[in-house]
Amino acid sequence: MFCPQCGHEIQESAAQFCPECGASLSKNASSKSKIVAILLCFFLGCLGIHRFYVGKVGTGILQLLTFGGIGIWALIDLIMLILEKFTDGEGRLLLN
Ligand SMILES: [Zn+2]
């Protein structure tokens, strides 16, 4: 297989990331950074900032208005992010 980003040939078919450029090879992976989303959720989760970051603007506004579901919704999002179950606005998982 070849990296869709840089065209580098990848020997290991199970590889999740291109060893050359670091691009994610999973079709279900988001281009957004998991670490950035976790940090945003941790520090600004009650304002829904991490949802704006991943493109979930609608629920981001909802979260902003409810203060992250009084913290509970933001906490669930944080756990989902850590467990790599959180998806971006296009339904792709935040993995890297
Ligand atoms: Zn590459």
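**Exercise 1. Place A37 in the predicted model and decide whether A37 is buried or exposed.**

Step 1. In this predicted model, A37 belongs to helix α1, which covers residues 34-44.

Step 2. A residue counts as buried when 20 or more other C-beta atoms lie within 10 Å of its own. A37 has 24 C-beta neighbours inside 10 Å, and therefore A37 counts as buried.

Step 3. Leaving aside residues up to four places away in sequence, A37 touches K32, H50, Y53, V54, L81, F86 and L94. As for I49, this residue is 12 residues from A37 in sequence, while the C-alpha atoms of the two are 8.6 Å apart in space.

**Exercise 2. Describe the protein chain as a whole, from its secondary structure to its domains.**

Step 1. The secondary structure of the protein chain consists of five helices and zero strands, which gives the pattern α-α-α-α-α when read along the sequence.

Step 2. Taken along the principal axes, the box filled by the C-alpha atoms is roughly 45 × 20 × 15 Å, and of the 96 residues in the chain, 22% count as buried.

Step 3. The chain is divided into domain 1, with residues 1-27, and domain 2, with residues 34-82; the C-alpha centres of domain 1 and domain 2 lie 30 Å apart.

Step 4. If one takes the contacts between residues at least 6 apart in sequence, 41% of them join residues at least 24 apart.

**Exercise 3. Work out which residues of helix α5 are buried, and how they are arranged around its axis.**

Step 1. Helix α5 spans residues 72-82, and its residues A74, D77 and L81 are buried. These residues lie on the same side of α5, because they cover an arc of only 55° around the axis.

Step 2. A general rule helps here: an α-helix has 3.6 residues a turn, so residues three or four places apart point the same way.

Step 3. The exposed residues I72 and I79 are carried by the face of α5 turned away from its buried side, whereas the cover over the buried residues of α5 includes α1, α2, α3 (57-65) and α4.

Step 4. Beyond the end of the helix, α5 is followed by E84, whose phi is positive, near 60°.

**Exercise 4. State where in the protein chain confidence is lowest and where it is highest.**

Step 1. The protein chain has a mean pLDDT of 90, and 98% of its residues reach 70 or more.

Step 2. Confidence is lowest in helix α4 (residues 67-70), at a mean of 88, and highest in helix α2 (residues 49-54), at 97.

Definitions and conventions. Residues are numbered from 1 along each chain as its sequence is written. This is a predicted model: local features need pLDDT of at least 70, side-chain atom pairs count only at pLDDT 80 or more; totals for chains, interfaces and linings use all residues. Helices (H or I, at least four residues) and strands (E, at least two) are DSSP runs, numbered from the N terminus. A residue is buried if 20 or more other C-beta atoms lie within 10 Å of its own, exposed if 12 or fewer, and partly exposed in between; C-beta atoms are placed from the backbone. Two residues are in contact if their C-beta atoms, placed from the backbone, lie within 7 Å. Domain bounds come from an automatic or database domain assignment. pLDDT is the predictor's confidence in each residue, from 0 to 100. The arc is that of the directions from the helix axis to the C-beta atoms.
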